[in-house]
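Trainee: Please take a close look at the surroundings of the ligand, and then set that part in the context of the chains.

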Amino acid sequence: MEKFIGKSVKRREDARFLKGAGKYTDDIKLPKMTQSAFVRSPYAHAKILSVDISEAEKAEGVVAVFTAQDGCGEYGVPCGWQVDFKNGETMREPQHPLLAKEKIRHLGEAVAIVIAESLELARDAAELVEVEYEELPAVTDPKKAMEEGAPLVHDQWPDNAAFDWCIGNDRADVEAALATAHHVTEVEYHNQRLAPNAMEPRSYIADYDVNADKWTLYTSTQNPHLIRLLLCAFALGIPEHKVRVVSYDVGGGFGSKIYHYTEEALLTWASKEIGRPIKWTSDRSEAFLTDAHGRDHVVHSRMGFDKDGKIVAHLTDEFCGLGAYLSTFAPAVPTYLHGTLFQGVYTTPLIHLNVTAPFTHTVAVDAYRGAGRPEATYLLERIISKGAQEMNMDPTEIRLKNFIPPFDGVEQPGYQTQVALQYDSGNYHGVLKRGLEMLGYEDFRKEQKEARENGRLLGVGFSTYIEGCGIAPSAVVGALGARAGLYEVGQVRVQPTGKVSVYTGAHSHGQGHETVFAQFVADKLGIPMDDVEIEHGDTEQVAFGMGTYGSRSLAVGGSAIVKSIEKILEKGAKIAAHKLEAAEGDLEYAEGKWTVKGTDKSVSFGDVSLTAYVPHDYPEGLEPGLDFSSFYDPTNFTYPFGTHIAVVEVDPDTGKVDLKRFVACDDVGNVMNPMIVDGQIQGGVAQGVGQALLEEVVYDEGGQMITGSYMDYAMPRADDLPMIETDRTVTPCPHNPLGVKGAGEAGAIGSTPAVVNAVVDALAHLGVTDLQMPLTPQRVWKAMQN
Amino acid sequence: MIPSKFNYIKASSVSEAVNLLDEHGFDAKILSGGHSLIPAMKLRLNRPEVVIDIGGIPGLDVITEEGDAVVIGANCTHQQILNSQVIYKNVNILKQTAATIGDVQVRNKGTIGGSLAHADPSADYPATVLACDATIIVAGKNGSRNIAATDFFQGIFTTALEDDEIITAVRFPKIAHGNYHKFYQSASRFAVVGVAVVFDGSGVKVGITGVADTPYRATKVEEAYNGDSSAAEHAVDGVEVMSDHFADVEYRSHLAKVFVKKGLEA
Ligand SMILES: Cc1cc2nc3c(=O)[nH]c(=O)nc-3n(C[C@H](O)[C@H](O)[C@H](O)COP(=O)(O)OP(=O)(O)OC[C@H]3O[C@@H](n4cnc5c(N)ncnc54)[C@H](O)[C@@H]3O)c2cc1C
């Protein structure tokens, strides 16, 4: 039987994607379906003085116009995490209304929805809604939001803080170690705000069926069950068993499609009001204004070193913007997904991070590919490279000096950090060593020296990252403020003919689950891949699930499937033993059949499957059928790691950065499909490079977005990137059955600081030690002038 | 991303287009490649009631050699210009310019007439049209007239075209030596700075786009030019330099000098 694990099997889903035959929410057309358009605020902060819908209601083709006055979803959309203040005060959790009532708190906040027979008519009528605003001063910068006298986002509280938080060792101890350190390196910067830019914009269709008294919500989400739960139990208070949430093909999420958005709940509510299906698909301008953004940390950090370059202490203060309302995961991102990674891959003995998380007059900030971990990695990898530069050390030497020694988590125990986590297994020296080989480090330094003599500016930058994936052990995250469990569900249904349907609560929005999951299921069952189908994305097919984010699908979702496979094989063995008239203990399962050890007597998987469903001659007391579902709750996070190396050349005349090489040696544990892992790394690197060089959401003082389209928001393009050179080491995860760690975010986490470090290296001889991202030609050129 | 309602009329001749334009006045817009007009309509920044499509008018999409000049129909696409042997041999600087515009889709639809009429301060052609001393040929209800490039651009999205006029062609003198250099805005890839340099005997003609709200001839550079690139220092003399999120006045001025220098040295 052909084996599939570890092979670059071509993606099954690509045939339909490449032919334009994917089934995205916007492709769905239901009978009697209406279309909708939102009336959105042109101000970031304003009082709503009046809303006049009378003209819009009279307009051609208009079915209904709703405003906050119509009593839609009085609870608002909920937040899924609670992080309380250090002093014990409860997190400030404002209501997030489906339509703004008295006040506007960010640009693009919806005031009314217009539902009409066509999209054109809905848009035309939306222009007839007259809203009178009184504009108010706004604050969009997280640090400024905490200044005395800053405009308040929510008037009911005395300042803009939603919470504050700290992690690590006692601050005084860290301060003391810094005071006596041989050298202290300091950085101050803004880890800038990014727009997620999934290729498919958000799209929803809500369909209330009067006769069945049931709702169906088609939504471009990364986690249909979670949406159903939040929608039913919180936003609308409707019965969960009467709601079906369907998420077929989804064109990218990067985090932005995890969250439960106001539009989803509003459409679901309105569909019952009008008794017809309603569709809304965001356009790109709305996406910039209303999709949750990423990052937005204002950072001040100091790292102390001894005279050999060993890190002695690390102290950081951050202001992390949350936007106007708390999005589903928002409080977790600058805290538990961020501060817990401050150990990095280093033995730093004293660490303290203090976070102040304010509301700002902007759209919400939440998880974006990497979620808190890129921000942690960026800080560590920048400050350590800067430290090396200041102490005249080689950036690889300082890293090697500080690395946690290799441990496999089996023979050697996991590594207990100063910031709550215990790493599963790691070999950080291994990835750096391999990365340096791939690069040809010594040759590069020679080339760099020669180039400099000719006035050319070449630089190399390193990053050795770790991230926490396989999210997450429920009890642990519960203790950290999560209001949900983070297990996953996997059901394996063997059909009477021996064909296998697998139902997973994970969700594929580009990752390739249909291929990878089928690969390992086929191998574990010893059957052809063609006999395995992976189903996901429909709450009426899949029992339950927590969805896909945090590089969790294979590590958590895959493990749930493995558990079910084990149950299948266990029951199958009972049936096989009966058929073979042998003791269960004498059987072994391989190559798709049970064999009596040491004989040629065997029975195939197909025969056993059929017997399970046609149980005429069957073990006594055994239930018919071969269908098992499992919940898998991981015992720990997984910790992928790697080394990323960037080589750049800076144009001395213009400051433009040319990324010449990018080397990535990652360790994501066992690899099911190398091609897909490479693809994940490459895509992630492109996004990480985007942050380093190009991307930034800019709001002006009044809260207007300056970068609200692709005319001004710079995305990385193919010609901004070199071929990304990838390789791997393999350190299996010791605590999940597949030994996998997750690969979805690694590229975006490791790459950003490597690029910035490379540019600083290229300019180091000119006295440049720091650069603010994105490294636009203007910024780089100005740094060179000083 | 849905425009407001409009009537669409396909014009079959220049005179029909001009008459329609005259009849509908401010409510009408000419449509050629649609790559500036349609995005603006979709964002509802532009809401014409009548759209007059000149795309199918015979004869507006040809490139012809006429003595010491090359005449390019207003509807010639950027890609047509890029592919034309006549332009390659006689006005290569224009081919270089077209090559920097947008991507393949944009070049296959966008036209030289549309680009010039639109007069985006960051568009590429204006620099080259100025440096080449090209002539814009326009038709209106009172017949046709020629407008010198240096008279054509009057401000942001503003030209010397009268309300009833359309561009029918652009006449370029043959240019033996010239070059176009552009610093791309990283998001839109329009010109932060675009510099066209034409060598003319012992002199030089320099057109600059992206730097001021109106593309201009860098006359101070032309006057100071004495065979080397030192005159590049004067690239923004007397010019009110634009500032935006990608390039402030200082940086944009610097880039203008760098790119004029490149052009003079090429
Ligand atoms: C993604 C993208 C990238 C781009 N990148 C660049 C770039 O790098 N550099 C650059 O220079 N441009 C760029 N453009 C703009 C592009 O070159 C447009 O095609 C051009 O500006 C307009 O030409 P058009 O034929 O599409 O005109 P249209 O959009 O049809 O019309 C533009 C305007 O001109 C008027 N008009 C059109 N034709 C005539 C005529 N014959 N007489 C009088 N008025 C007329 C119209 O009424 C309208 O007001 C880009 C556009 C896009 C969409």
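Mentor: The account below starts at the ligand and then moves outward to the chains.

This is a predicted model, in which local features need pLDDT of at least 70 and side-chain atom pairs count only at pLDDT 80 or more, whereas totals for chains, interfaces and linings use all residues. Residues are numbered from 1 along each chain as its sequence is written, chains are lettered from A and ligands numbered from 1 in the order in which they are written, and side-chain values use heavy atoms, with hydrogens and water left out.

Around the ligand there are 30 residues, of which Ile30(B), Gly34(B), Leu37(B), Thr111(B) and Asp124(B) come nearest; a residue belongs to this shell if one of its heavy atoms lies within 4 Å of the ligand. By residue class the shell divides into 13 nonpolar, 13 polar and four charged residues, where Ala, Val, Leu, Ile, Met, Phe, Trp, Tyr, Cys and Pro count as nonpolar, Asp, Glu, Lys and Arg as charged, and the others, Gly among them, as polar. Three elements of chain B, namely strand E2 (28-31), helix H7 (112-118) and strand E10 (166-173), each supply at least two residues of the shell, and H7(B) gives the largest share, four residues. These elements are DSSP runs numbered from the N terminus, with helices (H or I) of at least four residues and strands (E) of at least two.

Several polar contacts, meaning pairs of N or O atoms within 3.5 Å, run from the protein backbone to oxygen atoms of the ligand. A polar backbone atom of Gly34(B) is 2.7 Å from a ligand oxygen, a backbone N or O atom of Gly114(B) lies 3.5 Å from one, and for Ser115(B) the corresponding distance is 3.3 Å. Taken on its own, the ligand has 960 Å² of accessible area, and the protein covers 90% of that; accessible areas come from the Shrake-Rupley method with a 1.4 Å probe.

As for the chain around this site, chain B has 11 helices and 14 strands. Its radius of gyration, taken over C-alpha atoms, is 18 Å, close to the 18 Å that the globule rule gives for 266 residues, so chain B is as compact as a globular protein of that length; the globule rule is 2.2 Å times the number of residues to the power 0.38. The C-alpha atoms of chain B fill a box of roughly 55 × 45 × 35 Å along the principal axes, and 55% of its 266 residues count as buried, which here means under 20% relative accessible area, with over 50% called exposed and values in between partly exposed (1.4 Å probe, protein chains only).

Chain A comes to 18 helices and 28 strands. For chain A the radius of gyration is 27 Å, close to the 28 Å that the globule rule gives for 786 residues, so chain A is as compact as a globular protein of that length. Its C-alpha atoms fill a box of roughly 85 × 75 × 50 Å along the principal axes, and buried residues make up 64% of the 786.

Within chain A, an open antiparallel sheet of three strands has the order E4-E2-E6, with strand E4 (103-104) and strand E6 (130-135) as the edge strands, each pairing on one side only. Two strands are said to pair if DSSP finds at least two bridges between them; strand E2 (residues 46-52) of chain A and E6(A) pair over six, and Ile48(A) has Tyr133(A) as its bridge partner in E6(A).

Further along chain A, strand E22 (residues 587-590) and strand E23 (residues 593-596) pair in the antiparallel sense over four bridges, with Ala590(A) opposite Lys593(A). Their hairpin has two residues between the strands, and in it Glu591(A) takes a positive phi near 50° although Glu591(A) is not a glycine; at 41% relative accessibility, Glu591(A) counts as partly exposed. E23(A) also pairs in the antiparallel sense with strand E24 (residues 602-604) of chain A, over three bridges, where Thr595(A) has Ser602(A) as its bridge partner. The hairpin of E23(A) and E24(A) has five residues between the strands, and Gly598(A) in it takes a positive phi near 80°.

Notes. Polar contact = N/O pair within 3.5 Å; in protein donor to acceptor, adjacent residues only side chain to side chain.
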